[in-house]
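Here are a few short exercises to work through with the structure open beside you. Try each one before reading its solution.

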Amino acid sequence: TLKMKKKKPFSDKKIQEENQLKSQLIRALADYDNLTKRVEKEKTSWLKLASFRLIEKLLPILDNLEAAENHLKDHGLTLATAQFRDVLKEEGLVEILAKTGDSFDPEVHEVVELVSGGETGRVAELVLAGWRFEEGPVVRFAKVKVYGDKIPKKEDLDREMLRGEYA
């Protein structure tokens, strides 16, 4: 009489190997997913940097067009500068403006001149508008004249704001 041994469909060793391969596959897929996310993030970062540099070079051209527009009062130039501004806004840029009496903000303003006659640390005049990305860095700081006898430092302004010296 022949006795047949009943074999297990899969040995414990095979099951262990299969589980190990599944685990490796899951890790490899997760690594690949992380890699694609990182590459996409780096691509976006590079594109933003390229945009930043291009916009930085184009802003003086916009300034010149606006100066010519103000001088010549030409309708065609007005349309061209409006389109230029629209493109900047479509690319996620916002203009940094300052009004007389606004608090000087070193995060978005650059002092070009100190003037007497007003409340220290307040904007006296906007010389040149600045631009920044809505979700990102300042491309060009707004150039302003500020009341005072020394350029206010961010720490000094913060301290004075805490004391309630600026509204």
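**Exercise 1.** Is Glu113 buried, partly exposed or exposed?

*Solution.* Keep in mind that this is a predicted model. Start with the relative accessible area of Glu113, which is 37%. Next, recall the cut-offs: buried means under 20%, and exposed means over 50%. Glu113 is therefore partly exposed, because its 37% lies in between.

**Exercise 2.** Find the salt-bridge partner of Glu113, and say where the two residues sit.

*Solution.* First, look for the partner: Glu113 forms a salt bridge with Lys145, and the closest N and O atoms are 3.6 Å apart. Then place both residues. Glu113 belongs to strand E2 (residues 109-115), while Lys145 belongs to strand E6 (residues 142-147). With their positions 32 residues apart, the pair links distant parts of the chain. Finally, check the partner's surroundings: Lys145 has 21% relative accessibility, so Lys145 counts as partly exposed.

**Exercise 3.** Which residue pairs with Arg85 in a salt bridge at 2.7 Å, and is that pair buried or exposed?

*Solution.* Begin with the contact: Arg85 forms a salt bridge with Glu66, with 2.7 Å between the closest N and O atoms. This pair, too, links distant parts of the chain: Arg85 lies in helix H2 (residues 75-90) and Glu66 in helix H1 (residues 12-72), 19 residues apart. As for accessibility, both Arg85 and Glu66 are buried. One last step is to look for a further member: Glu95 joins Glu66 and Arg85 in a network of salt bridges.

**Exercise 4.** Describe the salt bridge between Glu119 and Arg122, then classify each residue by accessibility.

*Solution.* The closest N and O atoms of Glu119 and Arg122 are 3.8 Å apart. Take Glu119 next: its relative accessibility is 44%, so Glu119 counts as partly exposed. Arg122 comes to 11%, so Arg122 counts as buried. To put this pair in context, the structure holds 10 salt bridges.

**Exercise 5.** Where does Leu93 sit, and which residues is Leu93 in contact with beyond its neighbours within four places in sequence?

*Solution.* Leu93 is found in strand E1 (residues 93-96). Its relative accessibility is 1%, so Leu93 counts as buried. Setting aside the neighbours within four places in sequence, Leu93 is in contact with Ile55, Leu88, Trp131, Arg132, Phe133 and Val139. Now pick Ile55 from that list: Leu93 and Ile55 are 38 residues apart along the chain, and their C-alpha atoms are separated by 9.5 Å.

Methods
Residues are numbered from 1 along each chain as its sequence is written. This is a predicted model: local features need pLDDT of at least 70, side-chain atom pairs count only at pLDDT 80 or more; totals for chains, interfaces and linings use all residues. Side-chain values use heavy atoms; hydrogens and water are left out. A salt bridge is a side-chain nitrogen of Lys or Arg within 4 Å of a carboxyl oxygen of Asp or Glu. Buried means under 20% relative accessible area, exposed over 50%, partly exposed in between (1.4 Å probe, protein chains only). Contact means heavy atoms within 4.5 Å.
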